[in-house]
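Okay, thanks for squeezing me in. Let me put the model up, and then we'll go straight to how two of the helices meet.

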Amino acid sequence: MGEGDLLRRSIGRIWMALMLALPALPGNACPICETDTGQQVRQGIFDGSFGWNVFVTLLPFPILLGVVLAIYFGIPRPVRLMGRRSDARITAGPEEARRPRL
Amino acid sequence: MQNVPNYRPLIAAGTALGIGLGGFVDGILLHQILQVHNMLSAVRPKTTLVNMEINMFWDGLFHAFTWIMTAIGLAMLWGAVRRPDVPLSNRCFAGSLIMGWGIFNVVEGTLDHHVLHLHHVVERLGVSVFDYAFLGASVLLILGGWSLIRAGMAEGEVGAASHRSQGRGLVG
């Protein structure tokens with residue numbers, strides 16, 4: 001890799017980092033930083049139940065992701081049935097092999 | 001084995017996208033436009049500005065993960081359309097989107113409305129007929145989506161032979 005390529009790549013990475021940082025700029029407005037109301041909001045968010053609230057708020061997502069993965073990979077079946085199914089796919093005749101999966 | 005149509009990647013991608021987009025319907029229409037159904041509104045009633053802003057924070061966290069689910073769905077869809085064994089069935093994809101929306105509502109509604117009591121559809125009523133209607137409508141979405149998927153797969157089976165000869169299964 002030439003020096004010019006290295007320089008171009010470095011500039012590209014710095015540019016990309018700046019572009020990614022830009023959307024975070026409005027965070028400087030920070031409505032929960034300065035005012036009395038803001039401080040009450042911050043205390044209300046980061047109180048003793050913060051961890052529990054994070055847990056219950058995000059709880060649906062692993063379940064939903066599990067559903068998507070179950071659709072993608074199929075629901076695990078007992079070994080005997082899995083064996084039958086995979087054997088069928090390997091040894092099936094042309095018509096059976098073309099049957100849509102799912 | 002490339003001729004064996006595999007619908008799973010398309011249906012999984014559509015479901016993930018449906019879950020994400022369904023979450024955005026929930027967030028944009030219910031939380032923001034109609035201002036009901038906010039994340040912790042049963043725990044932090046929206047009777048003060050402070051509690052409204054706290055709910056806004058938890059809504060935001062929920063929607064950030066909804067966004068991630070949508071991004072996962074997009075990535076899965078990209079993977080699916082690049083596979084030669086995945087028939088690009090319009091009906092299967094549309095059905096998956098609808099089914100994903102229903103699945104999102106059922107999981108969210110069951111957990112947040114009925115098990116954890118974080119919020120309800122109409123907060124001042126608590127658990128009410130609206131929460132059950134929400135679940136009922138969601139089950140209908142799942143059933144409607146599933147029947148559309150089945151129709152797309154059946155149509156794909158009929159048309160597979162002709163499409164296969166053209167190299168790619170693009171079916172209705």
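So, α4(A) passes α1(B) in a right-handed crossing, meaning the near helix is turned clockwise from the far one by less than a right angle. Helices here are DSSP runs of H or I, at least four residues, and strands are E runs of at least two, numbered from the N terminus. This is a predicted model, where local features need pLDDT of at least 70, side-chain atom pairs count only at pLDDT 80 or more, and totals for chains, interfaces and linings use all residues. Residues are numbered from 1 along each chain as its sequence is written, with chains lettered from A and ligands numbered from 1 in the order in which they are written.

Helix α4 is residues 60-73 of chain A, α1 is residues 8-33 of chain B, and they pack at about 165° with axes 8 Å apart. Those axes are lines fitted to C-alpha atoms over the stretch in contact, with angles from 0 to 180 degrees between N-to-C directions. The pair is therefore roughly antiparallel, which is the label for angles over 145 degrees.

Who's touching? From α4(A), A:Leu64, A:Val67, A:Val68, A:Ile71 and A:Tyr72; from α1(B), B:Arg8, B:Pro9, B:Ile11, B:Ala12, B:Thr15, B:Ala16 and B:Ile19. Contact means C-beta atoms, placed from the backbone, within 7 Å. That set splits into 10 nonpolar, one polar and one charged.

Now the whole contact: 23 residues from chain A and 35 from chain B. On the chain A side, α4(A) gives the largest share, eight residues.

And chain B itself? Four helices, zero strands.

Definitions and conventions:
Angles under 35 degrees count as roughly parallel, over 145 as roughly antiparallel, 65 to 115 as roughly perpendicular and the rest as oblique. Two residues are in contact if their C-beta atoms, placed from the backbone, lie within 7 Å. Ala, Val, Leu, Ile, Met, Phe, Trp, Tyr, Cys and Pro count as nonpolar, Asp, Glu, Lys and Arg as charged, and the others, Gly among them, as polar.
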